[in-house]
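Thanks for making time this morning. I would like to walk through one model with you, going from its core outwards to a few local details, so please have the viewer open.

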Amino acid sequence: MNESKNTYLEQIGILGAKAHWNLSPEALSAAAVEKGMAQIVDTGAISVHTGEFTGRSPKDRFIVEDALTNDQVWWGDINVGFSADKFDQLQEKMVAYLSGKELYVRDAYVCAHPEYRLNVRVINEYPWSNQFAYNMFLRPEESELADFQNDWLVINAPEFKADPSVDGTRQHNFAILSFSKKTILIGGTGYTGEIKKGIFSALNFILPTEKNVLPMHCSANVGEAGDTALFFGLSGTGKTTLSADPNRRLIGDDEHGWTPDNAIFNFEGGCYAKVIDLSEEKEPDIFRAIKPGAILENIVFKEGTNEVDYKRSDITENTRVSYPIHHIDNIQVPSMGKNPKNVFFLTCDAYGVIPPISKLTPGQAAFHFISGYTAKVAGTEAGITEPVTAFSACFGAPFMPLHPTRYAEMLSSKMKEVGTNVWLVNTGWSGGPYGIGSRMSLKYTRAMITAILNGDMDNAEFKAHKVFGVHVPQSCPNVPDEVLNPRNTWANKEEYDRVADELAAKFNRNFDKFASQASQEILDGAPKAASAAKA
């Protein structure tokens, strides 16, 4: 078996390597510590530094332009083309670089649904990168490894640097997908998120075009009655917090598929969570998952100890932990569910004008899905109080190779087919924008989501919002009525109208680039003109 494994490496051009295949997480952690690449923290997890890059580098992610991708990929600032010849040239240089080195190879798969399973082989320069692949992808049974055949290959060499003048990259780091060769090249960066997102970008192309499966950047959980809920949202909107519910089992944290026969399945086998300001009180599941087998990235220790100081961001705000999903107690096994009864789009609206909870029509759902809106606080410096809008199509634009309307039309169609309710949830400000109003009470947000999941909102009275057109419930158990209509919470109603108009205009300007490929139903889901804003 070792001979056949070495033959595989030789076939792809890696010669004379000392390759470790499918080592246990314990062995990989030990190797990382022994090589001085990692430290053991007080909980038994390991801590690593990813080097120059502490996050993804979107401008250095490319897709090979060829007959398969030319007419399907949505080319532009997000999906940047790369020459097939340059890809081959770069792969030759990478395998030559890795020849003769000590390497770590992982056989894994993605997609918990057996019909859509995709086998992945990951070749890593670092042992802790290989442990990340063990954590984040699904783990085959021991009996499956002997005859494992990979569908896709990831070659990951953090210390290999490209020469932009020769290799066609923007700078020395890169992450490049070739759909024809079913290979991903990642070099010049130790940030492990590039491995995870590379494979999920591939799935976001393959599943809709070849399998009629809607890929989604969302978390998912399931109730005792088997009802599935999905939570979409950009960073800081509460996706992880709100999907972690003691009364519901976690299907997955980040990436899911929705099948033609209306099943939901997790893409991955682990979680990759931010840990800045982490505490057991705020995020008990994540906090308790940081034990042997987990990998902390770019954290700082408390002085003179090996205890993590989660409040510190000396290296980056993007401190992370990777752990296998079985580190969480309350999980769904296998990580699949039935068609979702409720879908939640989470936004942290720092302008304070989006209703805290509202129901969307299929057209509105598609519009807001394509928009992928949140508004972040600009900063804490004196005088800087104006929020900053963030739009990320499909709540995950950097990972979506196809035009956003392709995914949105699939979502809208599935909503109609199975009668799914889609809700827009504002976890941001109420009573005014940041600096004037206050953050929406987490207690109220949880109460609204619980009421929906329990069916307590099925017969509620709804009224259309004057600007955004979304349908706002007039009452909700355990939530004061006046909180539900954001205009009522503002002291200055005319100022609310003005700010709501301004945000509506930003939505519509952002949508201009998608409008030509959007259906009339989606276009009708947009906020109304400013003249309609007077409530």
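Which residues touch the most other members of the largest nonpolar core? Before I answer, a word on the source: this is a predicted model, in which local features need pLDDT of at least 70 and side-chain atom pairs count only at pLDDT 80 or more, while totals for chains, interfaces and linings use all residues. Residues are numbered from 1 along each chain as its sequence is written, and side-chain values use heavy atoms, with hydrogens and water left out.

The answer is I199, F345 and F468, within a core of 97 residues. By nonpolar core I mean a set of buried Ala, Val, Leu, Ile, Met, Phe, Trp, Tyr and Cys residues joined through side-chain atoms within 4.5 Å, where buried stands for under 20% relative accessible area, exposed for over 50%, and partly exposed for what lies in between, with a 1.4 Å probe and protein chains only. Helix α7, residues 193–211, gives the most to this core, with 8 residues; helices here are DSSP runs of H or I with at least four residues, strands are runs of E with at least two, and both are numbered from the N terminus. If we take contact as heavy atoms within 4.5 Å, then I199, leaving aside its neighbours within four places in sequence, is in contact with V110, V120, F137, W152, V154 and I184. Apart from this core lies another, of 26 residues, among them Y8, F62, I155 and F160.

Let me turn to a charged residue. E125 is found in the loop between β7 (118–124) and α4 (127–136), and it is buried yet has no salt bridge, the nearest side chain of opposite charge being K101 at 5.5 Å. For that statement, a salt bridge is a side-chain nitrogen of Lys or Arg within 4 Å of a carboxyl oxygen of Asp or Glu, and Lys and Arg count as positive, Asp and Glu as negative, with His and the chain ends not counted. What E125 does have is a polar contact of 2.5 Å between its side chain and that of Y97, the term covering a pair of N or O atoms within 3.5 Å, of which, within protein, one must be able to donate a hydrogen and the other to accept it, and residues adjacent in sequence count only if both atoms are side-chain atoms. In addition, a polar atom of the E125 side chain lies 3.0 Å from the backbone nitrogen of E159. The helix after this loop, α4, is mostly covered, with 10 of its 10 residues buried.

Next, helix α12, residues 442–453. Its 12 residues should span 16 Å (1.5 Å times one less than the number of residues), and its end C-alpha atoms are 16 Å apart, which agrees. At its start, a side-chain oxygen of S441 reaches to within 3.2 Å of the backbone nitrogen of K443, and the helix is followed by G455, whose phi is positive, near 85°.

Finally, some backbone geometry to check. Most residues other than glycine have a negative phi, and most peptide bonds are trans. N212, however, has a phi near 55°, and at 46% relative accessibility it counts as partly exposed. C394 has a phi near 60°, but at 0% relative accessibility C394 counts as buried. A cis peptide bond, with omega about -10°, joins V333 and P334.
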